[in-house]
Amino acid sequence: MSADIFALLLKSMGQTLYMVAVAGLIGSLFGIPLGVFLATSERGELFAAPSVNKVLGLIVNAARSTPFIILVVAIIPFTRMIAGTSIGTTAAIVPLTIATIPFIARLVESAIREVDPGLTEAARAMGASPVQIVFKVLLAEARPGIASALTLTIVSLIGYSAMVGAVGGGGLGDLGIRYGYQRFMPDVMAVVVLVLIVLVQLVQSAGDRLARQFDKRIRPR
Amino acid sequence: MSMTTLVQKTGEAADKGLAKAANPMVVFESVSKRFAAGRTSAEVAALDGVDLTVPRGSVTGIIGRSGAGKSTLIRLVNGLEKPTAGRVIVDGVNIAELDEKSLRDVRRSIGMIFQHFNLLSSRTAFDNIALPLEIAGIDRQTIEKRVTPLLDLVGLSDKRNRYPSELSGGQKQRIGIARALATEPKLLLSDEATSALDPETTRSILALLKTINRELGLTVLLITHEMEVIKTIADHVAVIDGGRIVEQGPTFDVFTGHTHATTRSLLGGLAGLHLPEFLTRQMVEEPEPGLRTILRIIFKGENATEPMLARLGSDLGIEVNIMAGAVDEIAGRPFGMLVVSLLADEARIVEARRFLADHGLSSEVVGYVR
């Protein structure tokens with residue numbers, strides 16, 4: 001493998017990390033509050049707003065069932081509005097983020113629903129406000145679940161980012177397709193896959209460690 | 001709270017003693033609670049015209065079977081549930097009328113403990129006790145000063161930095177109690193606090209609650225399905241069945257008086273309310289000449305029975321056989337029952353019962369045996 005290819009590999013890896021990091025960050029910024037809201041807005045719950053909950057739920061489901069590559073193309077006008085262009089790595093962050101928000105929201109929702117309702121009741125009995133309950137009880141207790149949710153999100157983002165080569169997003173996946181597949185360079189393909197495996201592995205074990213650290217429910221061995 | 005505040009509070013509690021009867025901590029006035037019909041359930045009337053008084057400084061117990069409406073009742077006191085009709089007055093304030101904001105302030109003056117403890121698994125013992133103080137917006141330094149003595153009070157100073165998963169059930173409930181006391185409440189609600197604990201741990205938790213009631217002058221309102229709990233610490237009791245209070249009053253009087261059918265069935269385990277099987281097997285209901293009369297003698301408080309039975313023999317010349325007997329303790333007073341058989345005709349039995357009644361012992365004829 002030549003030095004050129006190696007430089008290309010580094011560049012692609014940088015693009016992947018950039019897209020995943022930014023999309024993951026902005027996605028969490030919107031996705032976590034959305035997940036909290038979905039988990040607390042049904043009838044009789046903390047922020048009861050059943051109809052809003054239903055509408056948001058529908059939107060989330062619609063976004064999640066749209067194949068990612070179609071989403072990328074479908075929202076090109078929106079992407080152009082936000083990023084000023086519809087091609088390139090930065091532009092690719094827009095559809096990645098849009099796909100990430102409902103993904104995180106559903107995972108966070110289920111992590112929050114795992115929290116024992118007795119804890120919410122205890123906090124209410126102490127005179128906690130709904131906002132205090134969210135921060136001091138729900139998010140605090142759901143930390144292990146949220147850490148796992150974010151890990152899963154990042155791993156999925158790495159996978160999704162391979163598809164944004166279609167709009168010139170670059171990244172490792174794009175490198176694999178254009179050089180490894182279209183130019184018949186199996187060694188490039190192998191290296192790309194290897195790097196991806198290592199990357200996912202690192203993210204997963206870091207995430208697992210974090211989740212374990214947050215989780216005080218199990219007696220430490 | 002320091003030792004001096006403990007002493008001060010005890011003093012205050014004593015001063016308030018006089019006002020107790022006139023100024024109850026909690027009053028329910030014809031309270032009803034209905035739960036609206038859900039998709040899969042019909043409308044349920046959980047409480048139906050409940051009138052109940054919790055005397056200030058008392059330990060008041062509400063006992064009933066599951067589904068009797070106990071949980072709903074206790075949740076009305078701190079506004080976790082709102083009544084459909086009636087008023088719930090806590091320390092002079094009608095809870096049902098408060099808006100969310102004022103309700104939150106009132107809740108800070110009412111502690112609550114739960115059957116499943118409801119401790120945050122992500123917080124240490126210390127931080128769990130600190131939670132209500134953080135919620136009240138109290139600074140870290142004051143929190144430290146308040147929580148440390150509470151850990152002492154519940155005897156878990158050494159578990160300060162342990163997580164709930166590292167504690168036993170009894171220890172978790174002690175942390176729950178310390179947490180409930182953190183905001184120095186005037187009323188403590190206990191929702192089946194010992195139902196998930198073994199008998200020995202139950203006793204130690206009840207002893208702790210009694211100590212807190214006595215030394216901090218804190219009113220305790222507890223719900224339970226366990227007669228033991230009521231017998232051990234409640235000085236007032238209300239029996240609830242099908243959403244109605246069927247009986248209430250001082251525990252000793254309710255348990256030893258003419259009791260409602262529900263009370264009787266809940267009392268099932270209480271000493272001597274059941275006759276031994278060997279007796280019931282051969283017992284008949286109608287008197288016949290030559291049959292021995294089975295008498296149940298109930299003694300309350302400090303009446304001595306022994307000399308009375310002896311004097312039935314010496315003064316009245318009636319032969320007394322003791323068939324069964326037991327002594328129990330209710331609200332700190334002895335309560336006992338003896339089942340005896342007497343060989344005498346009806347007139348003499350009447351005479352014997354009058355003799356016992358004259359000496360403060362109630363009795364009832366339960367049957368006849370050969």
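**Exercise 1. The sheet of chain B**

Determine which strand order the open sheet of chain B has and which strands form its edges.

*Solution.* In this predicted model, chain B holds an open sheet of six strands, ordered E6-E7-E8-E3-E9-E10, with mixed pairing. Strand E6 and strand E10 (244-250) of chain B each pair on one side only, and these are the edge strands. From one strand to the next, the twist averages 15 degrees.

The next step concerns a single pair. Strand E7 (residues 187-191) of chain B pairs with E6(B) in the parallel sense, over five bridges. Within this part of the sheet, Phe114(B) has Asp191(B) in E7(B) as its bridge partner.

**Exercise 2. Helices on the sheet**

State which strands helix H2 (residues 70-77) of chain B lies across, and which strands helix H6 (residues 169-181) of chain B touches.

*Solution.* Begin with H2 of chain B: the helix lies across strand E3 (59-63), E6, E7, strand E8 (219-224) and strand E9 (236-241) of chain B. Its direction runs at about 155 degrees to E8(B). Then take H6 of chain B, which packs on the sheet and touches E6 and E7 of chain B. The direction of H6 makes about 165 degrees with that of E6(B).

**Exercise 3. Domains of chain B**

Describe how chain B is divided and what each domain gives to the contact.

*Solution.* Domain 1 of chain B comprises 3-109 + 185-269, and domain 2 comprises 277-369. Seven residues from domain 1 of chain B and seven residues from domain 2 of chain B enter the contact. On the domain 1 side, helix H9 (residues 251-256) of chain B gives the most, with four residues. By class, that side of domain 1 of chain B has three nonpolar, two polar and two charged residues.

**Exercise 4. The contact of the two chains**

Establish how many residues each chain gives to the contact, and which element of chain B gives the most.

*Solution.* The contact takes 20 residues from chain A and 21 residues from chain B. On the chain B side, the elements giving two or more residues are helix H3 (100-107), strand E6 (110-114) and helix H4 (125-135). H4(B) gives the most, with four residues. By class, the side of chain B that touches chain A has nine nonpolar, six polar and six charged residues.

**Exercise 5. Two helix pairs of chain A**

Classify the relative direction of H5(A) and H8(A), and that of H1(A) and H9(A).

*Solution.* For the first pair, the axes of helix H5 (residues 89-113) and helix H8 (residues 143-161) of chain A come within 9 Å and cross at roughly 155 degrees. Angles over 145 degrees count as roughly antiparallel, so H5(A) is roughly antiparallel to H8(A). The crossing of H5(A) and H8(A) is right-handed. Residues in this contact include Phe103(A) and Leu107(A) of H5(A), and Ala149(A) and Leu152(A) of H8(A). By class, the contact of H5(A) with H8(A) has twelve nonpolar, five polar and no charged residues.

For the second pair, helix H1 (residues 3-40) and helix H9 (residues 172-181) of chain A have axes that come within 7 Å and cross at roughly 140 degrees. H1(A) and H9(A) are therefore oblique to each other. Leu8(A), Leu9(A), Ser12(A), Met13(A) and Thr16(A) of H1(A) meet Leu172(A), Asp174(A) and Leu175(A) of H9(A). The contact of H1(A) with H9(A) has five nonpolar residues, two polar and one charged.

Terms used: Residues are numbered from 1 along each chain as its sequence is written. Chains are lettered from A and ligands numbered from 1 in the order in which they are written. This is a predicted model: local features need pLDDT of at least 70, side-chain atom pairs count only at pLDDT 80 or more; totals for chains, interfaces and linings use all residues. Two residues are in contact if their C-beta atoms, placed from the backbone, lie within 7 Å. Ala, Val, Leu, Ile, Met, Phe, Trp, Tyr, Cys and Pro count as nonpolar, Asp, Glu, Lys and Arg as charged, and the others, Gly among them, as polar. Axes are lines fitted to C-alpha atoms, for helices over the stretch in contact, and angles run from 0 to 180 degrees between N-to-C directions. Angles under 35 degrees count as roughly parallel, over 145 as roughly antiparallel, 65 to 115 as roughly perpendicular and the rest as oblique. A crossing is left-handed if the near helix is turned anticlockwise from the far one by less than a right angle, and right-handed if clockwise. Domain bounds come from an automatic or database domain assignment. Two strands pair if DSSP finds at least two bridges between them.
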